[in-house]
Amino acid sequence: MIPSDKGADIPNTEDLTRSTPSNPENGLSQTLRLVLQELNLFYSRDVSGLCLLYDLLHSPWLQALLKVYDSLQEFKGKKLLPATSRAQALSHEVVEVLHAAPGSPETQELRQILQAPHFEALLRAHDTVAQRDFEPLLPPLPDNIPEGEEAMRIVCLVKNQQPLGATIKRHEMTGDLLVARVIRGGLAERSGLLYAGDKLVEVNGVAVEGLDPEQVIHILAMSRGTIMFKVVPVSDPPVNSQKMVYVRAMTEYWPQEDPTIPCTEAGLPFQKGDILQVVDQTDALWWQARKISDPGTCAGLIPSSHLLTRKRREFWWSQPYQPHTHLKSPTYKEELVGYGQKFFIAGFRRSMRLCRRKSLLPALCPGRCPRAPYEEVVRHQRHLSDTHRLIVLVGPSGVGVNELRRQLIEVNPDRFQSAVPHTTRSKKSYEVDGREYHYVSKEAFESLVCSHRMLEYGEYKGHFYGTSMDAVQAVLNEGKICVMDLEPQGIQVARTRELKPYVIFIKPSNLSSMKQSRKNAKIITDYFVDMKFKDEDLQEMEDLAQKMETQFGQFFDHVIVNDILQDACAQLVSAVQKAQEEPQWVPATWVSSETGS
Ligand SMILES: Nc1ncnc2c1ncn2[C@@H]1O[C@H](COP(=O)(O)OP(=O)(O)OP(=O)(O)O)[C@@H](O)[C@H]1O
């Protein structure tokens, strides 16, 4: 042992070897202190190579880490015992006393804390654990189990708030009542004692032979506390070895409206855009899934991809033909030049916006043949070295898509940028190629369209206008975030693994708020300059927003209600940041090793 030159109290080696986890001062941090003191001597004598070690051992983070380690060591050996098993009752007594006590701010605060529902729940949970009062006790097994019935299984389940999670059916040939399916996450599945195919013999002591499934369900519904099944186990219990899959619902589904579902109560309703965790695909027709927004719940039945595709096709063919509906009447107005802004922003030309409304892409057409009902998705976090995700803003005309886009770019023009559109019209004297537009020939434009390089395009006053994928990619390649607005029917074209668009739907608020907030706002129309919003414009905006949500809601990653402009803008900034920096659900094909979109 090297003596300390600072005269610090150093315990002898024996003390060190006697360090116990129950005394953190005698643990690793103490050892470290001693090492440091010894190193100090070498350090002051400039012994080579020790400086590094000295600095390392001196670093506050290492010391903090070791303190944590010591504390954990101390707790490891301890058996924690509750100080009381009636904490909740004690808390009530304290509240009573506080009621009688003079009302200082401190007593008032303490009373509020003790009476807060979450605090009460915490104490209740504490007492339950302290009293080891975990489960209701199961009744003993009946003594009168007949001999020779070793193939029978008796299953006792304690009924709670959760569904039993099993469906039953009659076997078509034998007439036996069988467990048809066991729903994942339900009581039956968690017991591990009931399997699809088990033959029901008795329920709560009642023989089920000759009963209808409905009568059995009635017995189950009426029973309180525990339910006892006597079953003949299926010889080969099914094993679910499939991997968990996540899908985005591209359509909606309402079990109550589906007469073909095997059990309506077990159905899982979902809406477009919901992310579903598919937990069981053993049945080719009916899968089991739960919504990721309700992770702890029992799964429900959903039609398999194949079945839902078939149902949607049948429904589609049964509908009368619906012609395409355009968003606005195709009247023309002179083009305004986008000067008068504080700085130049591409992609905000009136001509571009007006031609977009008469886009050559398929217009809103409720009668289009349905695509795959589910899209497999994965949770994806953009890597820092990847290009940013394209930000797409969608919304009914006049809702404020361009206003928000402009404001976002103004917040940080070095970070956010629009793509420069293409046009076939000739360049004006004050314009610069590649700034306002990329000026191209009609043939070049058509070639971009034919090679599917145009995200959107349209015609205005005999000229083509459009935004190409390459123009967007150019912004992204500069390390910037490209922000563009699209008509909703263009979203699918933009959904590629290269652009990984994050789609934000800008939605109008209710009519009365809109009337108030849009009092001084100006609408861009084909026929008047700076026209104010009329009531029918606002109504039309609301109707169109609803249609867009119904038809394209599955593609919206985020929705912003544009009521107070500043709030909507702040929400937009935060949504864009999250899109780039936090994990998001994206189509699995965007991140798989295969190529394609
Ligand atoms: N939250 C808001 N409060 C008040 N005025 C708003 C708000 N949002 C947008 N505006 C105004 O409403 C008008 C229309 O907005 P904007 O031009 O952005 O609509 P748009 O959705 O891009 O539709 P279009 O492309 O048809 O013009 C503009 O005058 C804009 O300043």
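Let me start with the open sheet of six strands, which in this predicted model has the order E10-E9-E8-E7-E11-E23 and is paired in the antiparallel sense. At its edges stand strand E10, residues 300–303, and strand E23, residues 584–587, each of which pairs on one side only. If we ignore direction, neighbouring strands of this sheet are turned by 50 degrees against each other on average.

What packs on this sheet? Helix H10, residues 305–318, does so, touching strand E9 (286–291) together with E10 and E11, and the direction of H10 makes about 55 degrees with that of E10. On the other edge, strand E11, which covers residues 374–380, pairs with E23 over four bridges, again antiparallel, and within that pairing Arg 379 has Trp 585 of E23 as its bridge partner.

Staying with this region, I would like to turn to the aromatic rings. For the model as a whole the count comes to ten aromatic pairs. One of the pairs is made by Tyr 253 and Phe 270, whose ring centres are 5.7 Å apart and whose planes stand at 35 degrees, so that the pair is classed as tilted. Both residues lie in the loop between strand E7 (245–249) and strand E8 (275–280), so the pair ties together parts that are 17 residues apart in sequence. Are these two residues buried or exposed? Tyr 253 and Phe 270 are both buried. Ring pairs also join them to Trp 287 and Tyr 374, and these four residues make up a cluster.

A second pair that I would single out is that of Phe 445 and Tyr 457, where the ring centres are 6.4 Å apart and the planes are at 75 degrees, so this pair is edge-to-face. Phe 445 belongs to helix H13 (residues 442–450) and Tyr 457 to strand E16 (residues 454–460), so that the pair links parts of the chain that are twelve residues apart. Phe 445 is buried, with a relative accessible area of 1%, and Tyr 457, at 18%, counts as buried because the cut-off lies at 20%.

The next element is an open sheet of five strands, in the order E13-E18-E12-E19-E22, with parallel pairing. Strand E13 (416–417) and strand E22 (558–562) are at the edges, and each has a single partner strand, so one side of each is left without a neighbour in the sheet. Further in, strand E12 (residues 391–394) and strand E19 (residues 502–508) are joined in the parallel sense over four bridges, with Ile 391 standing opposite Tyr 502 of E19.

Which strands does helix H17 touch? Helix H17, residues 535–552, packs on the sheet against E12 and E19, and its direction makes about 150 degrees with that of E19. Helix H18, residues 565–581, lies across E12, E13, strand E18 (481–485), E19 and E22, and runs at about 165 degrees to E22.

Earlier in the chain there is a helix pair to look at. The axes of helix H2 (residues 28–44) and helix H4 (residues 60–76) come within 8 Å and cross at roughly 145 degrees. From H2, the residues in contact are Leu 28, Ser 29, Leu 32 and Leu 36, and they meet Gln 63, Leu 66, Lys 67, Tyr 69 and Asp 70 of H4. By class, this contact comprises five nonpolar, two polar and two charged residues.

Strand E6, residues 226–232, deserves a mention for its pairings. With strand E1 (residues 153–158) it runs antiparallel over six bridges, and there Arg 153 has Val 231 as its bridge partner. With strand E4 (residues 199–203) it is again antiparallel, over four bridges, and in that case Lys 199 is partnered by Val 232.

I will end with some single residues. Most residues other than glycine have a negative phi. Lys 461, however, has a positive phi of about 50 degrees; it is found in the loop between E16 and strand E17 (463–468) and is partly exposed, with a relative accessible area of 36%. Lys 500 also has a positive phi, near 40 degrees; this residue is in the loop between helix H15 (491–494) and E19, and at 18% relative accessibility it counts as buried.

How many disulfides does the count give? The count comes to zero. Among the cysteines, Cys 263 is buried at 19% relative accessibility, and Cys 482 is buried at 0%.

Technical notes
Residues numbered from 1 in each chain as written. Predicted model: local features only at pLDDT ≥ 70, side-chain atom pairs only at ≥ 80, totals over all residues. Heavy atoms only, no water. Pairing = 2+ DSSP bridges. Helix = DSSP H or I, 4+ residues; strand = E, 2+ residues; numbered from the N terminus. Axes fitted to C-alpha atoms, helices over the stretch in contact; angles between N-to-C directions. Contact = heavy atoms within 4.5 Å. Nonpolar A, V, L, I, M, F, W, Y, C, P; charged D, E, K, R; others polar. Disulfide = S-S within 2.5 Å. Buried < 20%, exposed > 50% of the residue type's maximum accessible area, 1.4 Å probe, protein only. Phe/Tyr/Trp six-rings, centres within 6.5 Å; stacked < 30°, edge-to-face > 60°.
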